[in-house]
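Here are my notes for you to read alongside the model. Keep the viewer open and check each point as you go.

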Amino acid sequence: MSEPKEQNRVSRALRLGTRRSKLAMAQSGQVAEAVSRVTGRPVELVEITTYGDTSREHLAAIGGTGVFVTALRDALLRGEVDFAVHSLKDLPTAQPGDLALAAVPVREDPRDVLVARDGLKFADLPAGARVGTGSPRRMAQLNAYARSHGMEIETVAIRGNVDTRIGYVRGGELDAVVLAAAGLNRIGRADEATDLLPADVVLPAPGQGALAIECAAADADLVAVLAELDDPFTRAAVTAERSLLAALEAGCSAPVGALADLPPLSDPLEQGDPRADRRIVKEMRLRGVVGTTDGSTLVQLSTTGPVPETHEQAMALGSELAAEMLAKGAAGLMGERAH
């Protein structure tokens, strides 16, 4: 006698769609363990190659938005995987109606780090130092900081995984590269960073350090179970950041930085104060920046309001700051705007 369908469903392994990169596999493996704990079901990783993984063009040239996401979403919609894990900063700001953003787990460190030769800090880089990054956002802010502090650096456009990028420094082609702290932390290589770049120097990409767990909207049971991994503070923060990005009509390859944080926690944490997480937080600060890649012009603003309690409040925080930035001339700094 065959087992009932429901019993089959409970015992069957859940299929998690992930990109093939070392970083994607590491972060998907961490999510798989968490999902297995809350569901009591095994989770198997299904490796999927995306256009962003196979193209050697710079992200800005191939559109940026969605190049690492589309193939995973297609596999979800075809029923080849049950859920997928993305780096949240790669997600387009518009959410498809047939897919649910079921969970945004607790965020890793959202900041950027420098990996430089000879253990150098950013402020100690020699005149003419070549600094590699594939991000117009990083270029704009690094060049602006260098200009305002009398430094001479050359930002160099690069692509590739963590090993490739750090290899440019080890091989002597570049003096330094800039990477996301979260990526190095997740693959256990945080000790290779020579400098942690404060958000006051370089604001991260909207959603940086956060993961997105997505599944079919019609699978209400799975949506409900995955929602147990959701962190309300992280979701509110990244919703505000992505709302700002959307209101600027910019894709994820545009030179836009944004960070929503909780000031009583964030500043002491940046200074390494472990007591920070014991303080009561009532306000969220949102900072945004957009600039020309040479750093000659930046529009940088911030706003503070009550910690959003609803999706709509988080969206409003972002769109209101974006309106102020547009009024200050942000639109003219982004080159061709995404449509």
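1. Start with Asp 195, which is buried (under 20% relative accessible area with a 1.4 Å probe, protein chains only). Asp 195 has no salt bridge, meaning no side-chain nitrogen of Lys or Arg within 4 Å of its carboxyl oxygens. The nearest side chain of opposite charge (Lys and Arg count as positive, Asp and Glu as negative; His and the chain ends are not counted) is Lys 121, 4.2 Å away.

2. A quick word on ground rules: this is a predicted model, where local features need pLDDT of at least 70 and side-chain atom pairs count only at pLDDT 80 or more, while totals for chains, interfaces and linings use all residues. Residues are numbered from 1 along each chain as its sequence is written, and side-chain values use heavy atoms, leaving out hydrogens and water.

3. So what does the side chain of Asp 195 reach? The backbone nitrogen of Phe 122, at 2.9 Å. Setting aside residues up to four places away in sequence, Asp 195 touches Val 113, Leu 114, Lys 121 and Phe 122 (contact is heavy atoms within 4.5 Å).

4. Asp 195 sits in strand β9, residues 195-197 (strands are DSSP E runs of at least two residues, numbered from the N terminus).

5. Now look at the open, mixed sheet: five strands, ordered β2-β1-β3-β10-β4 (two strands pair if DSSP finds at least two bridges between them). Its edge strands, β2 (43-47) and β4 (99-103), each pair on one side only.

6. Finally, β4 and β10 (residues 211-216) run antiparallel, joined by four bridges. Leu 99 stands opposite Ala 216 in β10.

Notes:
Buried means under 20% relative accessible area, exposed over 50%, partly exposed in between (1.4 Å probe, protein chains only). A polar contact is a pair of N or O atoms within 3.5 Å; within protein, one must be able to donate a hydrogen and the other to accept it, and residues adjacent in sequence count only if both atoms are side-chain atoms.
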